[in-house]
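The exercises below are to be worked with the sequence and the 3D structure open. Try each task before reading its solution.

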Amino acid sequence: MKLSSLLGSLAKELTGNDSVEITGVTCDSRSVKPGMLFFALPGATVDGHRFIPAAVTAGAAAVVLEDTASAPQEVPWISVTDARSAMAITAAEFYGKPTVDLPLIGITGTNGKTTTSYLVESILAAAGTPAAVLGTISYRFGETTIEASHTTPESTELQAAFRKLADAGARAFVMEVSSHALEQKRVDGCYFDVGIFSNLTRDHLDYHKTMESYLESKQRLFEDLLRPDTLKPRRRAAVNMDDEYGVRIAGRAACEVITYGVDFQGDVHAVDVQSSVNGISGRLVTPYGAIAFSSRLLGRFNLYNILAAASAGVALELPLEAIKSGIEGHTTVPGRMERVENTQGVTLLVDYAHTGDALENVLSTLQELATARIITVFGCGGDRDTGKRPIMGRIAASMSDLAIVTSDNPRTENPLTILGQVRAGILPLGFREYTPEDAVGGFPEKGFVMLENRAEAIRLAVRAAKPGDIILLAGKGHEDYQIIGTTKHHFDDREEARRAFEEISR
Ligand SMILES: CC(=O)N[C@H]1[C@@H](OP(=O)(O)OP(=O)(O)OC[C@H]2O[C@@H](n3ccc(=O)[nH]c3=O)[C@H](O)[C@@H]2O)O[C@H](CO)[C@@H](O)[C@@H]1O[C@H](C)C(=O)N[C@@H](C)C(=O)N[C@H](CCC(=O)O)C(=O)O
Ligand SMILES: Nc1ncnc2c1ncn2[C@@H]1O[C@H](COP(=O)(O)OP(=O)(O)OP(=O)(O)O)[C@@H](O)[C@H]1O
Ligand SMILES: N[C@H](CCC[C@H](N)C(=O)O)C(=O)O
Ligand SMILES: [Mg+2]
């Protein structure tokens with residue numbers, strides 16, 4: 001593709017020859033191949049303009065930059081005011097704007113994105129539209145799976161994935177849209193049909209600083225990306241009105257809004273709801289009629305995900321029958337309330353709750369279902385929001401019979417420092433601190449254990465549990481790794497749990 005045909009999307013002047021052939025788009029000098037267009041991004045850690053010489057040496061055919069003082073002599077260059085946004089729009093152009101021709105459903109919010117994306121996929125499948133799913137677990141369609149680098153990857157990676165998945169036969173895209181991605185314009189080249197807002201609770205304040213600016217990022221999906229002048233004729237938002245931030249988003253959305261809620265009787269809601277260990281059932285009420293449904297998913301928070309997905313179905317004008325069979329056909333998401341079978345009579349669930357709100361939701365669901373004790377193994381990721389640590393500690397300890405505080409992904413932080421910050425949230429509750437040995441012997445009163453090694457912590461939970469107890473392994477869900485320092489080691493909560501059950505049955 002000639003540079004001139006990409007320039008339309010950049011709408012900016014060029015210095016140099018615009019007939020050079022462009023072979024790809026990147027913002028990382030380390031991945032430049034001959035002929036690529038290099039975008040110099042003003043990063044938070046380093047300034048991408050510093051790498052223009054390295055990109056040119058590696059064969060970049062042209063450079064897009066914000067600061068003309070760094071303009072190269074050797075190759076054509078284009079100056080723009082926002083290089084991240086320009087890159088997203090150029091990447092979409094380079095890959096043939098894959099989201100213009102196919103429906104694109106974007107899901108944003110603190111919790112529930114992955115689960116809702118799988119539900120929407122199931123509803124679309126029931127309506128005869130095979131959809132690709134892009135999010136935390138992977139970017140996939142049928143046999144084609146691309147490993148996920150981020151929940152929402154950089155625009156160059158994202159647009160390449162759309163192209164590949166469309167070529168593999170996908171007829172719609174369902175994607176999670178993280179707040180980082182909205183803030184960093186990774187989705188600026190995406191043409192959305194439907195935007196879903198799940199909820200907004202404390203997370204990522206290391207990055208966004210305040211809840212208001214976290215909201216501002218999420219808001220971009222509904223104000224900027226679903227605005228009337230995009231190429232999509234049908235643009236709708238599905239918004240959770242039980243969430244105070246949802247109410248604000250709905251008030252400012254640039255498109256038609258379909259409201260949903262469990263308490264709020266919105267356009268989409270449920271009546272006659274029954275929740276048990278077997279799942280959730282009830283009647284789904286929509287603007288074009290009501291229908292009975294039952295789902296294998298557990299807990300009130302999953303009712304929100306079901307309503308969110310049903311609202312997307314309504315937004316896409318899919319038949320009510322397809323919405324129902326999509327909800328009913330969906331059974332599990334890897335690492336979300338995923339059971340590890342065992343012969344010890346223990347219910348062991350692996351879940352991805354890694355925020356205070358998610359932990360609280362999961363634990364209140366488990367409290368409703370529990371007939372015996374709840375043992376929770378959890379930690380907090382390093383190099384991430386530190387403020388959530390004592391909050392998660394307080395919630396896990398107060399809502400469990402035994403909380404085992406361990407490592408999540410410590411990354412470059414000292415694991416013991418993280419554990420100490422979690423412990424600071426537990427201490428004011430006055431619960432008893434047990435040693436691992438004591439806990440195995442029985443814990444007569446509510447308490448907690450500090451045990452840094454996650455495999456040992458899982459083993460301890462399994463050894464301390466009696467038949468009928470529930471063990472929750474929270475925070476890592478589907479992850480099959482643990483990041484210690486900058487090294488990714490193989491680690492899987494589900495495998496560790498299976499190993500622990502085998503050990504005690506010997
Ligand atoms: C906090 C954050 O989101 N950071 C992102 C941001 O990094 P940054 O601004 O610090 O970039 P930088 O390191 O300063 O580099 C600036 C530029 O120089 C370039 N560079 C750098 C070095 C070099 O040798 N050559 C070179 O060209 C870089 O490629 C970049 O373009 O821009 C980079 C390039 O786009 C991203 O890769 C990086 O994601 C980092 C790796 C990350 O961990 N992000 C996480 C927090 C994230 O995005 N998570 C969300 C949400 C998850 C959730 O919802 O729970 C996600 O969508 O996954
Ligand atoms: N609607 C919801 N409200 C609150 N908590 C939820 C909801 N849905 C799921 N959860 C909890 O949050 C965890 C993460 O759920 P899920 O993976 O669907 O969310 P996500 O938004 O994709 O998260 P991430 O941003 O980390 O990818 C689940 O394991 C569950 O504990
Ligand atoms: N997408 C989230 C996932 C957190 C999962 C948890 N296991 C952790 O590592 O903190 C993040 O990168 O913040
Ligand atoms: Mg997710």
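**Exercise 1.** Which residues in H9 are buried?

Before starting, note that this is a predicted model, in which local features need pLDDT of at least 70, side-chain atom pairs count only at pLDDT 80 or more, and totals for chains, interfaces and linings use all residues. Residues are numbered from 1 along each chain as its sequence is written, while chains are lettered from A and ligands numbered from 1 in the order in which they are written.

Solution. Step 1: fix the terms. A residue is buried if 20 or more other C-beta atoms lie within 10 Å of its own, exposed if 12 or fewer, and partly exposed in between, with C-beta atoms placed from the backbone. Helices (H or I, at least four residues) and strands (E, at least two) are DSSP runs, numbered from the N terminus.
Step 2: apply them. The buried residues of H9 are Tyr 214, Ser 217, Lys 218, Gln 219, Arg 220, Leu 221 and Phe 222.

**Exercise 2.** Compare the span of helix H9 with the expected one, then locate its kink.

Solution. Step 1: the expected span is 1.5 Å times one less than the number of residues. Helix H9 (residues 211-223) has 13 residues, and its first and last C-alpha are 18 Å apart, close to the expected 18 Å.
Step 2: a bend is the angle between axes fitted to the seven residues ending at a residue and the seven starting there. H9 has a kink of about 25° centred on Ser 217.

**Exercise 3.** Place strand E20 among its neighbours.

Solution. Step 1: two strands pair if DSSP finds at least two bridges between them. E20 pairs in the parallel sense with strand E19 (residues 374-378) over four bridges, and Thr 376 has Ala 403 as its bridge partner in E20.
Step 2: follow the chain. From E19 it passes through helix H14 (residues 388-399) to E20, a right-handed β-α-β crossover; right-handed means that, with the strands pointing away from the viewer, the path from the first strand over the helix to the second runs clockwise.
Step 3: E20 also pairs in the parallel sense with strand E22 (residues 447-450), again over four bridges. Here Val 405 stands opposite Met 450.
Step 4: check both faces of E20 (residues 402-405). Leu 402 and Ile 404 on one side, and Ala 403 and Val 405 on the other, are all buried.

**Exercise 4.** Is Asp 272 buried or exposed? Give the same assessment for Arg 411.

Solution. Step 1: Asp 272 lies in strand E14 (residues 269-276) and has a positive phi of about 55° although it is not a glycine. Asp 272 counts as exposed because it has 10 C-beta neighbours inside 10 Å.
Step 2: Arg 411 sits in the loop between E20 and helix H15 (415-426), with phi near 50°, also positive. With 17 other C-beta atoms within 10 Å, Arg 411 is partly exposed.

**Exercise 5.** Describe the shells around ligand 2 and ligand 3.

Solution. Step 1: a residue is near a molecule if its C-beta atom, placed from the backbone, lies within 6 Å of it. Ligand 2 is surrounded by 22 residues, the closest being Gly 112, Lys 113, Thr 114, Ala 353 and Ala 358.
Step 2: the largest share of this shell, four residues, comes from H13.
Step 3: sort by type. Ala, Val, Leu, Ile, Met, Phe, Trp, Tyr, Cys and Pro count as nonpolar, Asp, Glu, Lys and Arg as charged, and the others, Gly among them, as polar. The shell of ligand 2 has six nonpolar, eleven polar and five charged residues.
Step 4: around ligand 3 there are no nonpolar, five polar and four charged residues, including His 354, Arg 384 and Asp 408.
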